[in-house]
Amino acid sequence: MERAAAGEVDYLALCTAVDLPVAIGGVDYRAVPGAGTLWQLAVLPALQSCGLGTLLVRAAEDRIRSRGLGRAELGVEESNPRARALYERLGYVAYDRQPDAWEEQAPDGSIRTYETMCTLMRKDLLR
Ligand SMILES: CC(C)(COP(=O)(O)OP(=O)(O)OC[C@H]1O[C@@H](n2cnc3c(N)ncnc32)[C@H](O)[C@@H]1OP(=O)(O)O)[C@@H](O)C(=O)NCCC(=O)NCCS
């Protein structure tokens with residue numbers, strides 16, 4: 001939220017009529033020069049496959065365009081073919097792969113580093 005206030009990122013949430021967030025995702029404008037990088041996209045499991053992810057990606061692309069940028073980027077784990085298929089359907093093209101890692105909470109409550117391999121994808125928003 002601090003980064004959003006500083007203008008480095010946009011953070012979006014799709015909410016119900018009573019303001020419950022059911023889908024979230026961000027756009028990072030610092031990760032790749034000249035592009036907006038989509039990250040942390042997630043839809044409440046019970047509401048997946050209803051089109052909310054598509055809405056969120058399109059809203060994120062509108063934010064990127066409104067900053068005068070013409071490219072969207074994202075990384076998707078190689079173990080997540082369904083998300084990759086969604087991005088391909090929305091016009092994203094794979095161009096490289098890259099290891100990534102982040103902290104996560106283990107079932108016993110301890111914090112551990114999760115390591116994974118991601119496919120890098122991008123989309124030209126000016127076409
Ligand atoms: C990946 C994710 C963000 C996609 O969001 P979503 O809301 O499920 O995506 P959509 O509903 O827009 O599209 C996905 C599916 O719904 C279908 N769909 C899209 N619009 C639809 C509509 N109006 N009615 C019915 N089905 C629809 C699509 O055909 C697609 O089919 P699939 O379930 O076989 O993949 C979400 O599934 C998620 O949070 N997954 C767990 C976290 C994760 O993997 N995040 C991605 C990190 S890169």
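Let me start with the surroundings of the ligand: 18 residues surround it, each with a heavy atom within 4 Å of it, and the closest are Ser49, Gly51, Thr54, Asn80 and Arg82. Please keep in mind that this is a predicted model, in which local features need pLDDT of at least 70 and side-chain atom pairs count only at pLDDT 80 or more, while totals for chains, interfaces and linings use all residues. Residues are numbered from 1 along each chain as its sequence is written, and side-chain values use heavy atoms, with hydrogens and water left out.

The shell draws at least two residues from each of strand S3 (36–43), helix H2 (52–66), strand S4 (71–77) and helix H3 (81–89), these being DSSP runs numbered from the N terminus, with at least four residues of H or I for a helix and at least two of E for a strand. H3 gives the largest share, 5 residues. By type, the shell holds 9 nonpolar, 7 polar and 2 charged residues, where Gly counts as polar and Tyr and Cys as nonpolar.

Now to the polar contacts, meaning pairs of N or O atoms within 3.5 Å. Asparagine 80 places a polar side-chain atom 2.7 Å from a ligand oxygen, glycine 51 has a backbone N or O atom 2.7 Å from an oxygen of the ligand, and for cysteine 50 a polar backbone atom is 3.1 Å from a ligand oxygen. Of the 930 Å² of accessible area that the ligand has on its own, the protein covers 62%, by the Shrake-Rupley method with a 1.4 Å probe.

Where does the ligand sit? The ligand is in the largest pocket, in the sense that more than half of its atoms lie within 2 Å of the pocket's grid points. A pocket here is an open set of points on a 1 Å grid over the protein atoms alone, where a 1.4 Å probe fits, with protein on both sides within 12 Å along at least five of seven lines.

Technical notes: Polar contact = N/O pair within 3.5 Å; in protein donor to acceptor, adjacent residues only side chain to side chain. 1 Å grid on protein atoms, 1.4 Å probe; cavity = no way out; pocket = protein on both sides within 12 Å on 5 of 7 lines; lining within 4 Å.
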